[in-house]
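Here are some short exercises to work through with the model open beside you. Try each one yourself before reading the solution.

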Amino acid sequence: MAPVLLVLNIAAILSILAWPVLKFGSAFVFDTPGSERNPCLWALCYTIWYGVPIAPVIGNVLFWTTRHEASLAESGLYTVISWLAILCMIVFFALGALTQLSIDRRRKARR
């Protein structure tokens, strides 16, 4: 088992400590007018609300319970499962910001 996978799994499980702050801050995603119609922001909020606490736990349980008999590919897959919600959160944040910028530009062009 690669030491990098150990560090990545520990970092993923520690991300749960930031979850209460992220969950509280996700309510402010919809402060901009028109942002409630942005599906990427809704996906971001659902990922924060449900994905961040669940995916690292599932991935780490699989990783640590099979760490001695699992191959490197299986251990890598469990690490990806641990990081899946965090990666989705980053992607949805970027897509939500880009779509919100385009919505704001169209709104300003109409004025």
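**Exercise 1.** Find which helices each supply at least two residues of the lining of the largest pocket, and which gives the most.

*Solution.* Keep in mind that this is a predicted model. Start with the lining itself: Val29, Thr32, Ser35, Leu41, Leu44, Ile48, Met89, Ile90, Phe93, Gly96, Ala97 and Gln100. Next, place these residues on the helices. Two elements, α3 (39-65) and α4 (72-110), each supply at least two of the lining residues. Finally, look for the main contributor: α4 gives the most, with six residues.

**Exercise 2.** State how much space lies in the largest pocket, and sort its lining by class.

*Solution.* The space in this pocket comes to about 190 Å³. For the classes, remember that Gly counts as polar. The lining then sorts into eight nonpolar and four polar residues, with no charged ones.

**Exercise 3.** How are α3 and α4 oriented to each other, roughly parallel or roughly antiparallel?

*Solution.* First take the axes: those of α3 and α4 come within 8 Å and cross at roughly 170°. Then apply the cut-off, by which angles over 145 degrees count as roughly antiparallel. The two helices, α3 and α4, are therefore roughly antiparallel to each other. As a last step, sort the residues of their contact: 19 are nonpolar, ten are polar and none is charged.

**Exercise 4.** Count the disulfides, then check cysteine 45 and cysteine 88 one by one.

*Solution.* The test is a pair of cysteine sulfur atoms within 2.5 Å. By this rule the count is zero disulfides. For cysteine 45, the nearest cysteine sulfur belongs to cysteine 40 and is 12 Å away, so cysteine 45 is in no disulfide. Cysteine 88 is in no disulfide either, as the nearest cysteine sulfur is again that of cysteine 40, 12 Å away. Now add the surroundings. Cysteine 45 has 0% relative accessibility and counts as buried, whereas cysteine 88, with a relative accessible area of 30%, is partly exposed.

**Exercise 5.** Is lysine 108 buried or exposed, and how far is it from tryptophan 42 in sequence and in space?

*Solution.* Begin by locating lysine 108, which lies in helix α4. Its relative accessible area is 64%, and the cut-off for exposed is over 50%, so lysine 108 is exposed. For the distance, lysine 108 and tryptophan 42 are 66 residues apart in sequence. In space, these two residues are 23 Å apart, C-alpha to C-alpha.

Key:
Residues numbered from 1 in each chain as written. Predicted model: local features only at pLDDT ≥ 70, side-chain atom pairs only at ≥ 80, totals over all residues. Heavy atoms only, no water. Buried < 20%, exposed > 50% of the residue type's maximum accessible area, 1.4 Å probe, protein only. 1 Å grid on protein atoms, 1.4 Å probe; cavity = no way out; pocket = protein on both sides within 12 Å on 5 of 7 lines; lining within 4 Å. Points joined across faces, edges and corners; volume = space filled by probe spheres on them. Helix = DSSP H or I, 4+ residues; strand = E, 2+ residues; numbered from the N terminus. Axes fitted to C-alpha atoms, helices over the stretch in contact; angles between N-to-C directions. Parallel < 35°, antiparallel > 145°, perpendicular 65-115°, else oblique.
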